[in-house]
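The following note sets out points for a colleague's consideration, arranged by region. It may be read alongside the sequence and coordinates.

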Amino acid sequence: MGVEIKETRVADAEFEAMKGFVFEYLAASVEKEEEGGRMRWYPWHSAEYRHNHILNVVDLAVEIAEKEGADTDVTRVAALFHDVAKLETDQELHAEAGARVAREYLESRGEYPDSFIQQVCRAIEQHSHQGDLTDLALETQCLIEADLLDKVGANGTALMLLRMGYEARTHMECDEMIERVLERGYDAASRVESDTAESIAHQRLKRVKWFSEWLEDEIAALGE
């Protein structure tokens with residue numbers, strides 16, 4: 001079970017202010033890049049895309065946390081900051097960098113207990129963990145599961161189809177892209193541990209399978 005910190009409830013107004021800060025931080029990260037930087041050529045790695053992904057993860061993480069008994073405030077604040085440094089640092093360093101940004105924010109705005117800040121920052125630091133999720137705090141597990149699940153299902157399918165257009169592929173190649181969504185979904189389903197996350201994973205996989213079957217029925221070149 002997660003550790004409840006009832007005295008550290010994060011008010012809705014505070015959380016909205018955090019959302020605004022995270023988006024502004026992402027936007028500033030893009031502005032600071034030199035022309036031709038690593039994110040400029042990949043449109044859905046804009047501040048808008050990354051912020052949308054973050055908000056998706058927040059919603060999923062809170063849903064999992066509420067049903068699994070984790071601390072929802074620790075979970076949602078960690079989810080909100082988990083990718084805040086994604087656009088300004090290397091992939092392997094963004095979790096640690098994001099934890100630093102979150103710590104600076106929480107220590108300078110509001111009177112959050114150190115125990116709360118520590119839990120949030122630890123979840124952010126560990127959200128790229130590739131091992132057994134049961135080795136981690138429940139709040140961290142909820143964050144990782146939500147992060148895995150965001151690109152599965154209808155959302156993952158839409159992103160892959162957008163990528164097809166960017167790469168000038170035709171609709172007759174979409175079975176390959178949908179297969180990638182399925183592979184990612186199976187991988188996510190194999191990694192998540194909570195009953196709630198497993199249920200979400202299977203529901204989203206089912207949607208992708210249905211879409212794949214509809215494509216085969218309607219596009220003659222597929223399945224040949």
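**Aromatic contacts, helix packing and long-range pairs**

1. Tyr25 is partly exposed, its relative accessible area being 22%. The structure under review is a predicted model, and this value, like those that follow, is computed from it. Tyr25 falls just on the partly exposed side of the classification, because buried requires under 20% relative accessible area. Phe21, by contrast, has a relative accessible area of 17% and is therefore buried.

2. Phe21 and Tyr25 both belong to helix H1, which spans residues 12–32; they are 4 residues apart, so about one helical turn separates them. As to their rings, a search of the whole structure returns 5 aromatic pairs. In the pair formed by Phe21 and Tyr25, the ring centres are 5.9 Å apart and the planes stand at 45°, so the arrangement is classed as tilted. The reasoning is that planes under 30 degrees apart would count as stacked and those over 60 as edge-to-face, so an intermediate angle is tilted.

3. Phe21 also takes part in a pair with Tyr105. Here the ring centres are 4.8 Å apart and the planes are at 50°, so this pair is tilted as well. It links distant parts of the chain, since Phe21 lies in helix H1 and Tyr105 in helix H4, with their positions 84 residues apart. Tyr105 is buried, with a relative accessible area of 6%. Which residues make up the aromatic cluster? It is formed by Phe21, Tyr25, Phe81 and Tyr105.

4. Helix H4 covers residues 94–108 and helix H5 covers residues 114–125; the two pack at an angle of about 160°, with axes 8 Å apart. H4 and H5 are therefore roughly antiparallel, because an angle over 145 degrees is placed in that class. Their crossing is right-handed. On the H4 side, the contact is made by Ala95, Glu96, Gly98, Ala99, Ala102, Arg103, Leu106 and Glu107. On the H5 side, the contributors are Asp114, Ile117, Gln118, Val120, Cys121, Ile124 and Glu125. By class, the contact of H4 with H5 comprises 8 nonpolar, 2 polar and 5 charged residues.

5. A second packing worth examining is that of H2 and H6. Their axes come within 8 Å and cross at roughly 135°, which makes H2 oblique to H6. The crossing of H2 and H6 is right-handed. H2 contributes His53, Val57, Leu60, Ala61, Ile64, Ala65 and Glu68, while H6 contributes Leu138, Cys142, Leu143, Glu145, Ala146, Asp147 and Leu149. This contact of H2 with H6 consists, by class, of 10 nonpolar, 1 polar and 3 charged residues.

6. Asp147, one of the residues in the contact of H2 with H6, is located in helix H6, which runs over residues 138–149. Is Asp147 buried or partly exposed? Its relative accessible area is 21%, so Asp147 is partly exposed. Once neighbours within four places in sequence are set aside, Asp147 is in contact with His53, Val57, His82 and His127. Of these partners, His82 is 65 residues from Asp147 in sequence, and the C-alpha to C-alpha distance between Asp147 and His82 is 9.2 Å.

7. Glu63 is found in helix H2, comprising residues 47–68. With a relative accessible area of 30%, Glu63 is partly exposed. Which residues does Glu63 contact, leaving aside neighbours within four places in sequence? They are Thr196 and Ile200. Glu63 and Thr196 are 133 residues apart along the chain, yet their C-alpha atoms are separated by 8.2 Å.

8. These particulars may be set against the chain as a whole. The protein chain has 9 helices and 0 strands, and its pattern along the sequence reads α-α-α-α-α-α-α-α-α. The chain contains 224 residues, of which 49% count as buried. Where contacts join residues at least 6 apart in sequence, 72% of them are between residues at least 24 apart. Among the pairs discussed above, Phe21 with Tyr105 is one that links distant parts of the chain.

Definitions and conventions. Residues numbered from 1 in each chain as written. Predicted model: local features only at pLDDT ≥ 70, side-chain atom pairs only at ≥ 80, totals over all residues. Heavy atoms only, no water. Axes fitted to C-alpha atoms, helices over the stretch in contact; angles between N-to-C directions. Parallel < 35°, antiparallel > 145°, perpendicular 65-115°, else oblique. Left-handed = near helix turned anticlockwise from the far one by under 90°. Contact = heavy atoms within 4.5 Å. Nonpolar A, V, L, I, M, F, W, Y, C, P; charged D, E, K, R; others polar. Phe/Tyr/Trp six-rings, centres within 6.5 Å; stacked < 30°, edge-to-face > 60°. Buried < 20%, exposed > 50% of the residue type's maximum accessible area, 1.4 Å probe, protein only.
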